[in-house]
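The exercises below are meant to be worked through with the sequence and the coordinates open side by side. Each task is followed by a solution that goes step by step.

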Amino acid sequence: MLKRFTLLWLLIPYALFLGALPLVDRVRPTVLGVPFLFFWLLLATLLTPAAVFLAWRGDRKRGRV
């Protein structure tokens, strides 16, 4: 049984970068003037620190950090 549920936040960047990549591999449509794939990777990169922070905060609340 998984005791550290907060570490599941770290699966979000993995899913955004690798799991969804075949679904967004296209040039059109464009978002904010950039190809959709570039926008998706930029969004995933910006969300990664938030996921790491949430995992760290959850571990800190349980006294593990």
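## Exercise 1: A loop residue

Task: decide from its relative accessibility whether L32 is buried or exposed, and then place L32 in the chain and describe its backbone.

Solution. L32 has a relative accessibility of 79%, and because the cut-off for exposed is over 50%, L32 counts as exposed. The next step is to locate L32, which is found in the loop between β1 (30–31) and β2 (34–35). The last step concerns the backbone, where phi of L32 is near 55°, a positive value in a residue other than glycine.

## Exercise 2: Confidence and overall layout

Task: establish how the elements of the protein chain run from the N terminus on, and where in the chain the confidence is lowest and where it is highest.

Solution. The model is predicted, and it is therefore sensible to begin with a general caution: where pLDDT is low, the predicted coordinates should not be read in detail. The protein chain averages a pLDDT of 81, and 88% of the residues score at least 70. By element, the mean is lowest in helix α2 (residues 21–24), at 78, and highest in α3, at 87.

Turning to the layout, the protein chain holds three helices and two strands, in the order α-α-β-β-α from the N terminus on. Of its 65 residues, 18% count as buried. Among the contacts with a separation of 6 or more, 56% come from residues 24 or more positions apart.

## Exercise 3: The packing of two helices

Task: determine how α1 and α3 are oriented towards each other, and which residues make the contact.

Solution. Two packed helices are described by the angle between their axes and the distance between the axes. For helix α1 (residues 11–19) and α3, the angle is about 170° and the axes are 8 Å apart. Since angles over 145 degrees count as roughly antiparallel, α1 and α3 are roughly antiparallel to each other. The crossing of α1 and α3 is left-handed.

On the side of α1 the contact is made by P13, L16 and F17, and on the side of α3 by W40, L41, A44, T45, L47, T48 and A51. These residues divide into eight nonpolar, two polar and no charged.

## Exercise 4: Two partly exposed residues

Task: for L21 and V52, find the element in which each lies, and state which residues L21 contacts beyond its sequence neighbours.

Solution. L21 is found in helix α2 and is partly exposed, with a relative accessible area of 30%. Leaving aside neighbours within four places in sequence, L21 is in contact with L37 and L41. L21 and L41 are 20 residues apart in sequence, and their C-alpha atoms are 8.7 Å apart.

V52 lies in helix α3 (residues 36–61) and, at 43% relative accessibility, counts as partly exposed. The C-alpha atoms of V52 and P13 are separated by 9.1 Å, although the two residues are 39 residues apart along the chain.

Technical notes. Residues are numbered from 1 along each chain as its sequence is written. This is a predicted model: local features need pLDDT of at least 70, side-chain atom pairs count only at pLDDT 80 or more; totals for chains, interfaces and linings use all residues. Side-chain values use heavy atoms; hydrogens and water are left out. Helices (H or I, at least four residues) and strands (E, at least two) are DSSP runs, numbered from the N terminus. Buried means under 20% relative accessible area, exposed over 50%, partly exposed in between (1.4 Å probe, protein chains only). pLDDT is the predictor's confidence in each residue, from 0 to 100. Axes are lines fitted to C-alpha atoms, for helices over the stretch in contact, and angles run from 0 to 180 degrees between N-to-C directions. Angles under 35 degrees count as roughly parallel, over 145 as roughly antiparallel, 65 to 115 as roughly perpendicular and the rest as oblique. A crossing is left-handed if the near helix is turned anticlockwise from the far one by less than a right angle, and right-handed if clockwise. Contact means heavy atoms within 4.5 Å. Ala, Val, Leu, Ile, Met, Phe, Trp, Tyr, Cys and Pro count as nonpolar, Asp, Glu, Lys and Arg as charged, and the others, Gly among them, as polar.
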